[in-house]
Amino acid sequence: MSTNRRAGTAAAVMALTWSTSVSAQDGSGGTADAMADLSATGFVAAEPGTGDQIDGGMLMIAGYGVFWALIFGYVFILARRQRRVAGELEELRRRMEDLDDRLDDAEGQA
Amino acid sequence: MELLTRTRGFDALPWLAGAAALGLAAALYLIFGYAPTERTMGIVQKIFYIHVPCAVVSYVAFFLCCAGSAMYLLKGSVTADVVARAGAETGVLFSLVTLTTGPLWARKAWGTFWTGEPRLMLFLVLMLIFAAYLVVRNFGGRTELTRRICAVLAILGVADIPLVRYAVRLWRGNHPQVITRDGGGITPEMGVALAVSFGAIALLFAALFWARIRVGLAEEDVERYYRGLARREYRVEDATAGAPA
């Protein structure tokens, strides 16, 4: 169960890195190359309202959104780990007490 | 028997978390309410205030990972190993923030999410080295060999940081360098917002790093107690076998 969770986390990290690279290569890298080729042979008039209309505000919101999502995601993972470890310590305490009782009984009988 | 973990005693986490929350609130106010909008790039330049501190904090985290790894190799200290792992994890977290906010900013500033720019590529390599460290730590088991392999990987990985830092000068990259020794290329208001943002993100890092160390030490204690439990079970079995029927 723990291994599956770890595999999921590792896969998510790799997927995020990969998707960033792919979107970088496919998204605008190709467009930039195509534009460079065109500008070498001639100029083409852009239609009104076309061209690079990407909204800087949306990019900024996405940037801050990623920041908060990653931070809260990590806090959530840490809190879950902390709960699991606390649960294990409680279970260990119970088993230790049980073993101590059994050891006292056995030594008393001997 | 009472189970005592090394996580007891003074706990700085609530103080660090509270200071980080206050710092982040102040930073957000200064970024959006005090610092002016950049003339050429517009509002997307506000990403700068988290992008740069997160990059610097990730270097600090990776250096701490390297220091912990070196201590582990020299002294065999489990606490140093826990520190190293905490450094790697928080470093990858903040470098992921850097690697996702940077391309979003670059899309508007450069017209592309990603280029083969030396600093970008070397920073990606740095993040992947420590991501590999975490993969080996998570899937390699809690063995001495895994810890040693990862310690060596962390020490080698940190060698990439000076290259990232000086990549722009060495290979004439086009990554902006607005903060230099000759004075900043930013307005005083932007400088104040950046300084507060640096402080807040440093506090956030300290809180997360401390929390991860706390969990790591507790995990080591659990491991130790399981071994103690097994020894106690053998003693109970021996005592039961020796007792009269």
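B:E219 is buried in this predicted model. Its relative accessible area is 10%, which is under the 20% cut-off and therefore counts as buried. The residue sits in helix α7 of chain B, spanning residues 188-242. Contacts of B:E219 beyond four places in sequence involve both chains: A:R81, A:R84 and A:V85 from chain A, and B:R142 and B:R212 from chain B.

Helix α7(B) also contributes to the largest nonpolar core, supplying 14 residues, the largest share. This core holds 74 residues. Within it, A:F67, B:Y49, B:F94 and B:F130 touch the most other members. At least two residues each come from α2 (56-109) of chain A and from α1 (13-33), α2, α3, α4 (118-139), α5 (144-158), α6 (160-171) and α7 of chain B. Beyond four places in sequence, B:F130 touches B:F62, B:C65, B:A88, B:V92, B:A154, B:G157 and B:V158. Another core lies apart from the largest one. It has 13 residues, including A:L89, A:L103, B:V222 and B:L229. In soluble globular proteins, nonpolar side chains tend to be buried together.

Helices α2 (residues 48-75) and α3 (residues 78-109) of chain B pack with their axes 7 Å apart. The angle between them is about 155°. This angle is over 145 degrees, so α2(B) and α3(B) are roughly antiparallel to each other. The crossing of α2(B) past α3(B) is left-handed. By class, their contact has 19 nonpolar, 11 polar and one charged residues.

Conventions:
Residues are numbered from 1 along each chain as its sequence is written. Chains are lettered from A and ligands numbered from 1 in the order in which they are written. This is a predicted model: local features need pLDDT of at least 70, side-chain atom pairs count only at pLDDT 80 or more; totals for chains, interfaces and linings use all residues. Side-chain values use heavy atoms; hydrogens and water are left out. Helices (H or I, at least four residues) and strands (E, at least two) are DSSP runs, numbered from the N terminus. Buried means under 20% relative accessible area, exposed over 50%, partly exposed in between (1.4 Å probe, protein chains only). Contact means heavy atoms within 4.5 Å. Axes are lines fitted to C-alpha atoms, for helices over the stretch in contact, and angles run from 0 to 180 degrees between N-to-C directions. Angles under 35 degrees count as roughly parallel, over 145 as roughly antiparallel, 65 to 115 as roughly perpendicular and the rest as oblique. A crossing is left-handed if the near helix is turned anticlockwise from the far one by less than a right angle, and right-handed if clockwise. Ala, Val, Leu, Ile, Met, Phe, Trp, Tyr, Cys and Pro count as nonpolar, Asp, Glu, Lys and Arg as charged, and the others, Gly among them, as polar. A nonpolar core is a set of buried Ala, Val, Leu, Ile, Met, Phe, Trp, Tyr and Cys residues joined through side-chain atoms within 4.5 Å.
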